[in-house]
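The exercises below ask you to read a protein model step by step, with the sequence and the structure side by side. Try each task before you turn to its solution.

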Amino acid sequence: MSKFDDVFGKLPGPLITKWGQEMTFVRVSGTGTYNQTTGVVSPNETNIPVKAIITQVLPTEVDGVLQISDTKILIDAAQLGTTYIKTSDKFIYKAEGKDITASVVRVSTTRGDNPIFYTCFVRPQ
């Protein structure tokens, strides 16, 4: 373990546990399953209950990919174990009393030898 892991590795978990909102991280893996009757490909999804902090994308973060209507989700890596967040994944959270499904557009990882914290830029559907 690096010094960064030793000093900062344990900080995000308790803070997000205290201040975070309950939501679901949806891991999308593989190519999906094809239903011959309906002709629909259903993705292989694993739902993981997590707590995370939701915040706004700043105007200075808007670029050719990110939009001002996107959302930022902050989550500690310990909740996901060895799972890395990818752009094929999603989050489901409540906003204004409705379930919102948001696709991951970009992920930034804060890490030492191991991931400590993820900043996920997501696009509500």
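**Exercise 1.** With which residue does Arg27 form a salt bridge, and how far apart are the closest N and O atoms?

*Solution.* Bear in mind from the start that this is a predicted model. As a general starting point, side chains of opposite charge can pair when their charged atoms come close. Arg27 forms its salt bridge with Asp89, and the closest N and O atoms are 2.5 Å apart, which is within the 4 Å that the rule allows. Next, place the partners: Arg27 belongs to strand E1 while Asp89 sits in the loop between E3 and E4, so this salt bridge ties together parts of the chain that are 62 residues apart in sequence. Finally, consider the cover around them, where you will find that Arg27 and Asp89 are both buried.

**Exercise 2.** Take the salt bridges Glu61 with Lys72 and Asp70 with Arg123, and decide for every partner whether it is buried or partly exposed, given that buried means under 20% relative accessible area.

*Solution.* Begin with Glu61 and Lys72, whose side chains meet at 3.0 Å, N to O. Glu61 lies in the loop between E2 and E3 and Lys72 in strand E3, so the parts they tie together are 11 residues apart in sequence. Glu61 has a relative accessible area of 22% and is therefore partly exposed, whereas Lys72, with 11%, is buried.

Then turn to Asp70 and Arg123, whose side chains meet at 2.8 Å, N to O. This pair links distant parts of the chain, since Asp70 is in the loop between E2 and E3 and Arg123 is in strand E6, 53 residues apart. Asp70 has a relative accessible area of 3%, so Asp70 is buried, while Arg123 has a relative accessibility of 24% and therefore counts as partly exposed. The pairs treated in these exercises are among the six salt bridges of the structure.

**Exercise 3.** Find the aromatic pair of the structure and describe its geometry and its surroundings.

*Solution.* A pair of aromatic rings is described by the distance of the centres and the angle of the planes. The structure holds one such pair, formed by Phe25 and Phe91, with 5.3 Å from centre to centre and 55° between the planes, and the arrangement is tilted. The pair links distant parts of the chain, because Phe25 is in strand E1 (residues 21-35) and Phe91 in strand E4 (residues 90-95), 66 residues apart. Both Phe25 and Phe91 are buried. Looking further around Phe91, you find contacts beyond its sequence neighbours that include Met23, Ile73, Ile85, Val104 and Cys120. Phe91 is also one of the residues with the most contacts inside the largest nonpolar core, which has 18 residues. Among the elements that give two or more residues to this core are E1, E4 and strand E6 (115-124).

**Exercise 4.** Where does Tyr93 lie, and which residues distant in sequence does it contact?

*Solution.* Tyr93 is found in strand E4, and its relative accessible area of 5% means that it is buried. Its contacts outside the neighbours within four places in sequence include Gln21, Ile54, Thr71 and Pro124. Gln21 and Tyr93 are 72 residues apart in sequence, but their C-alpha atoms are 8.1 Å apart in space.

Technical notes:
Residues numbered from 1 in each chain as written. Predicted model: local features only at pLDDT ≥ 70, side-chain atom pairs only at ≥ 80, totals over all residues. Heavy atoms only, no water. Phe/Tyr/Trp six-rings, centres within 6.5 Å; stacked < 30°, edge-to-face > 60°. Helix = DSSP H or I, 4+ residues; strand = E, 2+ residues; numbered from the N terminus. Buried < 20%, exposed > 50% of the residue type's maximum accessible area, 1.4 Å probe, protein only. Core = buried A, V, L, I, M, F, W, Y, C linked by side-chain atoms within 4.5 Å. Contact = heavy atoms within 4.5 Å.
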